[in-house]
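Here is a short briefing on one protein model. Please look over the sequence and the fold before reading on.

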Amino acid sequence: MSLRLTLLAATAALLTPIVASANTPAGLPASCMTYELGGTQTTAHGLTAKTLHAALTGTDITLDIHGVTLSDSSGHVETATLERFNAVAAYAALSAFRGGISPACKDQSLTINSSDIRGGTPQVTWTNVTLARPGHDMTIRKASIQAVQTTPDLRLKVEGSGIHDTKQPLMPTQLAADLTVQGLDTARQQITINALHAVTGSSAIDGKGTIDPGPTASTSAADLHIGVTNVDTLIGEIRDTAPKKVVAALTIARLMGRQNGDATLWDVGLSGGVVTVNRIPLPFSVP
């Protein structure tokens, strides 16, 4: 369940209008997020930076990266737009780590217009990434997000490797997602998860489905289909290290799943604040 909510938060944040002026992502409203690239150097198709530091204002959540590459091999996307694309990705990462959009950022307004990147394939690559708050760190050896298609819809490929989270024992160590976004220039988008693949311990997680992100989880909708291999082995692997409530939740989830060989399958829905698993409503509502 935590993987589903993290993905929902990340995609909602990535597509929510935010921060920055038309040409300068460094000029973000300090009331929402601070953002600074260090040691930048222009390249033939973009730029590189030695460091990136960003933080959500009014929170203790920070993002530090030691190695940033922004590029568009087609040459269609301007460097300023690549920087803005990078700022949006940083904001999405911070918001996903927080678990949702911070109150200070809800009224900000900037979006990446499809016309800015149409015909291009902008890509952001980060190395040695740390998301942090007191007592909780998440590190990623390498992460990338690339727009592999920009018309008529936006198609993104997101990858992460060497992932470690001090508070989330089920956090995948590897993650790859293929997403299509419809309605990029409209008030409401729909995200199709063409494919999701992750590895945690000896288990593989695969998924697909759709997400209609709203301002809150209760105004969002989702229809997801998830499969996890070797769930019993996974429970055994985390039994002595994970909090008891995590082990209990995974055990209950296994009982609610359908078996298909070594995989356990779930159909997860979200509508009107109610989460369903295999069409069974869970006894709580999301805010």
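In which strand does Thr180 lie? Thr180 belongs to strand β10, residues 174-182. The model is a predicted one. It contains five helices and 17 strands.

**Overall make-up**
- The protein has 287 residues, and 45% of them are buried.
- Its accessible surface is about 13600 Å². Carbon and sulfur atoms account for 54% of that surface.
- Among contacts with a separation of 6 or more, 53% link residues 24 or more positions apart.

**Around Thr180**
- Thr180 counts as buried, with a relative accessibility of 16%.
- Its side chain makes a polar contact of 2.9 Å with the side chain of Asn194.
- Beyond its neighbours within four places in sequence, Thr180 touches Asp153, Leu154 and Arg155. The same list of contacts includes Gln190, Ile191, Thr192 and Asn194.

**Strand pairing at β2, β3 and β6**
- Strand β2 (residues 41-43) pairs with strand β3 (residues 46-49) in the antiparallel sense, over three bridges.
- A hairpin of two residues joins β2 to β3. Thr43 stands opposite Gly46 in β3.
- Strand β3 also pairs with strand β6 (residues 68-71), in the antiparallel sense and over four bridges. Here Ala49 stands opposite Val68 of β6.

**The largest nonpolar core**
- The largest nonpolar core holds 67 residues. Tyr35, Leu52, Leu63, Leu94 and Trp126 touch the most other members.
- Helix α2 (residues 79-98) gives this core its largest share, nine residues.
- Leaving out neighbours within four places in sequence, Leu94 is in contact with Met33, Ala54, Ala55 and Leu56. Its contacts also include Ile61, Thr62, Leu63 and Leu131.

**Helix α4 and its cover**
- Which residues of helix α4 (residues 231-238) are buried? They are Val231, Leu234, Ile235 and Ile238.
- Why do these buried residues line one face of α4? Seen down the helix axis, they fall within an arc of 100 degrees, so they share one face.
- An α-helix has 3.6 residues a turn, so residues three or four places apart point the same way.
- The cover over the buried residues of α4 includes strands β11 (190-200), β12 (203-212), β13 (221-229) and β15 (263-271). Helix α5 (244-256) is also part of that cover.

**Backbone features**
- The peptide bond from Thr151 to Pro152 is cis, with omega near 0 degrees. Pro152 sits in the loop between β8 (136-149) and β9 (154-165).
- Asn128 is not a glycine, yet it has a positive phi of about 50 degrees. Asn128 is found in strand β7 (residues 123-133).
- Asn278, also not a glycine, has a positive phi of about 50 degrees. Asn278 is in the loop between β16 (274-277) and β17 (280-285).
- How exposed is each of these two asparagines? Asn128 is partly exposed, with a relative accessible area of 45%. Asn278 counts as buried, at 16% relative accessibility.

Technical notes: Residues numbered from 1 in each chain as written. Predicted model: local features only at pLDDT ≥ 70, side-chain atom pairs only at ≥ 80, totals over all residues. Heavy atoms only, no water. Buried < 20%, exposed > 50% of the residue type's maximum accessible area, 1.4 Å probe, protein only. Contact = heavy atoms within 4.5 Å. Areas by Shrake-Rupley, 256 points an atom, 1.4 Å probe, with all protein chains shown as cover. Pairing = 2+ DSSP bridges. Core = buried A, V, L, I, M, F, W, Y, C linked by side-chain atoms within 4.5 Å. Arc of directions from axis to C-beta. Polar contact = N/O pair within 3.5 Å; in protein donor to acceptor, adjacent residues only side chain to side chain.
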